[in-house]
Amino acid sequence: MDKLSDLSAAMISQAIKEKKLDAAVVYDFFRQRAKQLNPRLNSLVEIYDSPVPAQGESGLAGVPIVIKDNICIEGRKITCASRILDSHTAVYDATVITRLKNAGLKILGTANMDEFAFGSSTENSCYGPVKNPWNIERVPGGSSGGSAAAVASRQVPLALGSDTGGSIRQPAGLCGVVGFKPTYGRVSRYGLIAFGSSLDQIGTFTRDFTDCAHLLNIICGHDSLDSTSSQIAVPDFTKSLGQDLAGLRIGLPREYFGEGLDPQVRSAVTEAIEVFKSKGARIVDISLPHTKYAVAVYYIAASSEASSNLQRFDGVKYGLRAKTNNMIDLHKLSRGQGFGPEAKRRIFLGTYSLSSGYYDAYYLRALKVRRLIKTDFDKAFKEVDVILTPTAPAEAFKFGEKTADPLSMYLSDIYTISANLAGLPAVSFPCGFTKNNLPIGGQLIGKEFDEAALIRLGAAYQSQTEWHMKMPALP
Amino acid sequence: MENKNIVDYVANLARVEVSPEEKAYLGGQLSKILEYIEALKQADVSGVEPLRGMHLDQGLTRQDAAEVSPHRRNILANAPAKEENSFKIPKVIE
């Protein structure tokens with residue numbers, strides 16, 4: 001049998017079922033590998049000596065998985081990579097955790113991230129930055145940089161992350177793995193520490209679309225504990241594997257291929273188009289004319305929601321409490337000491353947008369433009385079944401390159417943000433490498449609740465290419 | 001609003017203490033971001049309804065029934081200060 005770290009999650013699970021592998025041996029192998037690589041990558045916050053107890057059957061039973069450190073696992077430390085929550089213990093399981101346990105997956109630890117998921121490089125973590133496994137002088141993307149780096153380096157076959165403006169897809173693109181953000185409402189947000197409640201969605205990191213389909217089968221579905229959770233039936237996503245693409249129409253939005261796109265990324269995505277065509281898909285040029293407003297809309301909407309959601313970190317019920325005898329000072333000092341610089345920027349931007357006298361000009365106007373962006377997609381999806389774009393405008397950047405200029409950091413999410421604003425499913429898949437040997441990601445955006453089309457396309461692409469089999473050189 | 005004043009204004013509203021060093025860079029950064037956001041003024045939003053989120057109209061409800069939280073002891077274990085079954089805070093009313 002091949003080396004364990006080379007096997008897909010579905011293959012490992014199958015081998016355990018056939019008693020060719022022992023689940024405890026598998027867990028120990030990945031725990032050792034995770035421990036060995038972590039000093040180099042800093043991708044994991046905690047590595048558990050033994051898995052979180054779980055009983056159940058599924059296509060991924062017995063496979064180890066890591067969880068972004070903003071999703072609650074009962075009885076375990078949860079930090080959001082923030083000083084304000086350091087030493088906090090989760091008091092209940094997120095619904096996705098209950099679902100993973102019932103499917104027999106083995107939770108191996110928690111993944112490093114940008115503080116409260118604020119960032120595109122995982123440089124904003126109180127535990128220090130995560131390194132890109134392809135080149136440790138480069139960022140892994142963010143905010144789920146730990147999850148992406150852990151799967152790319154094969155510390156673990158699977159990870160969960162969260163995506164508010166690209167936080168799964170952008171790091172997946174920069175680390176060369178498959179990062180899937182389902183339709184808003186497809187996966188329960190119960191137990192995900194909220195950032196932007198109208199945008200947040202839990203999703204998956206895998207190396208291939210087979211594992212992705214299995215993992216989505218497990219985490220998707222209605223939950224009465226989340227009032228925005230959808231009751232629309234979830235199909236078996238593994239049925240979308242191994243299909244051809246006859247009759248599928250792929251839209252190429254011209255706004256995503258213009259100024260600011262690295263020519264190497266452009267040519268990799270252009271080559272992907274040829275692969276899709278060879279499997280029977282038809283290409284249609286489309287326009288999403290309000291794309292130019294997406295980043296501005298997002299930073300108003302997401303920061304406003306974040307400033308409201310983060311009010312709960314007030315030094316009273318949990319987390320860091322500053323020493324003072326005055327109640328107002330207790331709030332101010334605890335929050336001042338506990339939140340890092342990016343969290344403060346977002347809270348301040350959101351507070352400003354929501355404040356009296358600025359609400360109409362910023363927050364309300366942003367939500368109106370958000371409607372225009374959604375309408376662009378509604379119109380486009382009358383002509384096409386899916387939309388293909390680059391995931392990020394360029395390869396993984398160097399540490400410190402964008403930290404002094406938050407706006408330049410925000411613009412690295414320019415292609416991923418719109419799917420969140422419109423609530424659509426989207427996935428980043430590996431589609432090439434730059435001359436610096438850094439991964440390039442392509443992004444597919446689907447119609448609401450049509451994750452199946454994205455899996456069909458992604459699996460067909462991976463049947464013709466080997467980008468997803470490449471592995472970074474690691475000691 | 002001037003850079004320094006923006007930071008003082010929102011820091012107080014948001015109840016976040018900021019050091020003089022933080023004030024120095026946050027003001028410039030925030031005004032640069034706000035300047036970028038000004039671009040939204042070019043969009044024609046006449047007659048457009050704001051989009052606050054997805055699936056807000058599905059009207060999902062569950063039974064409004066009281067339950068005993070099984071987590072009380074664990075919740076209190078996370079408190080920075082507690083007394084018996086309560087969170088403890090400094091005196092609020094003089």
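Start by colouring the two chains differently: 56 residues of chain B are in contact with 75 residues of chain A. Keep in mind as you click around that this is a predicted model.

**Stop 1: where the chains meet**

Show the surface of both chains. The size of an interface is often given as the accessible area lost when the parts come together. Here, chain B and chain A bury about 5600 Å² between them, and 68% of that area is on carbon and sulfur atoms.

Now look for links across the boundary. How many salt bridges does the rule find across the interface of chain B and chain A? There are two. To see a salt bridge up close, select B:Lys32 and A:Asp405 and show their side chains, which meet at 3.1 Å, N to O. If you turn on polar contacts as well, look for 18 residue pairs across the interface of chain B and chain A, with both partners at pLDDT 80 or more.

Next, hide chain A for a moment and pick out three helices of chain B: H1 (3–13), H2 (20–37) and H3 (72–77). Each of them supplies at least two residues of the side of chain B that touches chain A. Which helix gives the largest share of that side? That's H2(B), with ten residues. Colour the whole touching side of chain B by residue class and you get 35 nonpolar, nine polar and twelve charged residues.

**Stop 2: a crossing inside chain A**

Bring chain A back and select helix H8 (residues 294–309) and helix H10 (residues 341–354), both of chain A. Two packed helices are described by the angle between their axes and the distance between the axes. For H8 and H10 of chain A, the axes come within 7 Å and cross at roughly 100°, so H8(A) and H10(A) are roughly perpendicular to each other.

Show side chains at the crossing. On H8(A), the residues making the contact include A:Tyr299 and A:Ile300; on H10(A), look for A:Arg346, A:Ile347 and A:Leu349, among others. The residues of this contact of H8(A) with H10(A) divide into five nonpolar, six polar and one charged.

**Stop 3: another crossing in chain A**

Finally, select helix H7 (residues 263–278) and helix H14 (residues 451–464) of chain A. Their axes come within 10 Å and cross at roughly 100°, so H7(A) and H14(A) are roughly perpendicular to each other.

Which residues of H14(A) are met by A:Ala272, A:Val275 and A:Phe276 in H7(A)? Zoom in and you'll find A:Leu457, A:Tyr461 and A:Gln464. By class, the contact of H7(A) with H14(A) has five nonpolar residues, one polar and no charged ones.

Methods:
Residues numbered from 1 in each chain as written. Chains lettered and ligands numbered in written order. Predicted model: local features only at pLDDT ≥ 70, side-chain atom pairs only at ≥ 80, totals over all residues. Heavy atoms only, no water. Axes fitted to C-alpha atoms, helices over the stretch in contact; angles between N-to-C directions. Helix = DSSP H or I, 4+ residues; strand = E, 2+ residues; numbered from the N terminus. Parallel < 35°, antiparallel > 145°, perpendicular 65-115°, else oblique. Contact = heavy atoms within 4.5 Å. Nonpolar A, V, L, I, M, F, W, Y, C, P; charged D, E, K, R; others polar. Buried area = accessible area lost by both parts, 1.4 Å probe. Salt bridge = Lys/Arg side-chain N within 4 Å of Asp/Glu carboxyl O. Polar contact = N/O pair within 3.5 Å; in protein donor to acceptor, adjacent residues only side chain to side chain.
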